[in-house]
Amino acid sequence: MPSRQIIVTLGGLEAVANLFDDLAPKTSAAVWNALPLSETINHANFSGEEVSFPTFGLMWEREHQLYDNEPGDLGYFVQGPAICIYYGALRVISPGNVFGRIATNLPRIQEIARRSWKEPGIRIELRRKDA
Amino acid sequence: MATTPARLDEFIARIETATAALHRGEAEDVRRVSQLLGAMGQSFTTTVFSYQQASTVRDGVAFLADLAQKYPAEAWLSTVAAEQFRRPVNALRTRYAMRDTADMHEEAARLAADLDGAALLRLGRTMMVYYAFLLRRLRDLLPFYELSVAFEGHKQIAQRVAVSPTGKGVD
């Protein structure tokens, strides 16, 4: 069965992300069930090319936590709780549950995410992509 | 008096309402922090210290939630929880003007003495979510990029002064 997909809208730009229903089934389901979500992003201060936003407590279990992320990976940070986009080079300090990956428009998403270091208030929205 | 489930449910609903206000950017505590003035009329240090204080308190709540998860049946848990919740009340209220957050801690301390491990875990996690949003809203008050540029410039000037034979800089 193909994985479910979500739309990530960052600063007005849409990208499609595949959920890791196989690798992180509980986290994917928790995020899917909570959609739509919207907030403003903050850029990471320590870990590198990462942006995140706070969420309500979607789940509290650790699952599929990685220290080596691919650009575009989506993580759920249990301790936050927060959802993160790992958009580039990282030195992961506290890993998140990696539950999906952006599959389209990544270069432009990276530009906007990088811009958020200098430009606060950039909005993000996650919603389900209908089949 | 033992805490009734209804009383805990009501308190948790109030925290969730306050969290939703933070999510919408409408929390009074954040507004008050943004208007705090320090001893010399400055607001940068009061803002950054408020953020740091909230972060420290949040770590205490996370620690308590971890304890409740690992040792749910221990008799000391509720005593530790009550003290942990009570500890930051005065500083939050009087120094950092986060009166609503202080009230939340005071009520949590009152209830905690009679809560079991599962209830404390639920309460602790609800408060962690509250802090996730509070910390973001406080962080939003701080222009990290501009501050970083200014700080690096300050460091360069300070280093030049430090190596200058006259103490007045090398340029």
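Two strands pair if DSSP finds at least two bridges between them. Helices (H or I, at least four residues) and strands (E, at least two) are themselves DSSP runs, numbered from the N terminus. This is a predicted model, in which local features need pLDDT of at least 70 and side-chain atom pairs count only at pLDDT 80 or more, while totals for chains, interfaces and linings use all residues. Residues are numbered from 1 along each chain as its sequence is written, and chains are lettered from A, ligands numbered from 1, in the order in which they are written.

Start in chain A with strand β6, residues 73-77. Four of its five residues are buried, where buried means that 20 or more other C-beta atoms, placed from the backbone, lie within 10 Å of the residue's own (exposed: 12 or fewer; partly exposed: in between). β6(A) has antiparallel partners. Strand β7 of chain A, residues 82-90, is joined to β6(A) by five bridges. One matched pair here is A:Y76 with A:I83. The two strands form a hairpin with four residues between them. Strand β8 of chain A, residues 97-102, runs antiparallel to β6(A) and shares four bridges with it. There, A:D73 has A:R101 as its bridge partner.

Now turn to chain B. Chain B has eight helices and zero strands. Its C-alpha trace spans about 70 × 35 × 25 Å along the principal axes. The radius of gyration, taken over C-alpha atoms, is 20 Å, against near 16 Å for a compact globule of 171 residues; the globule rule is 2.2 Å times the number of residues to the power 0.38. Buried residues make up 31% of chain B. Contacts (C-beta atoms, placed from the backbone, within 7 Å) can also be sorted by separation in sequence. Among those in chain B between residues at least 6 apart, 71% join residues at least 24 apart.

Where do the chains meet? The contact takes 13 residues from chain A and ten residues from chain B. On the chain A side, seven are nonpolar, five polar and one charged. Ala, Val, Leu, Ile, Met, Phe, Trp, Tyr, Cys and Pro count as nonpolar, Asp, Glu, Lys and Arg as charged, and the others, Gly among them, as polar.

Last comes the core. A nonpolar core is a set of buried Ala, Val, Leu, Ile, Met, Phe, Trp, Tyr and Cys residues joined through C-beta atoms within 7 Å. The largest one has 71 residues, and A:F99, B:L120, B:Y131 and B:L134 have the most contacts inside it. Helix α7 of chain B, residues 117-139, gives the most to this core, with 14 residues. Leaving aside neighbours within four places in sequence, B:Y131 touches B:A54, B:R58 and B:V61.

Key: Two residues are in contact if their C-beta atoms, placed from the backbone, lie within 7 Å.
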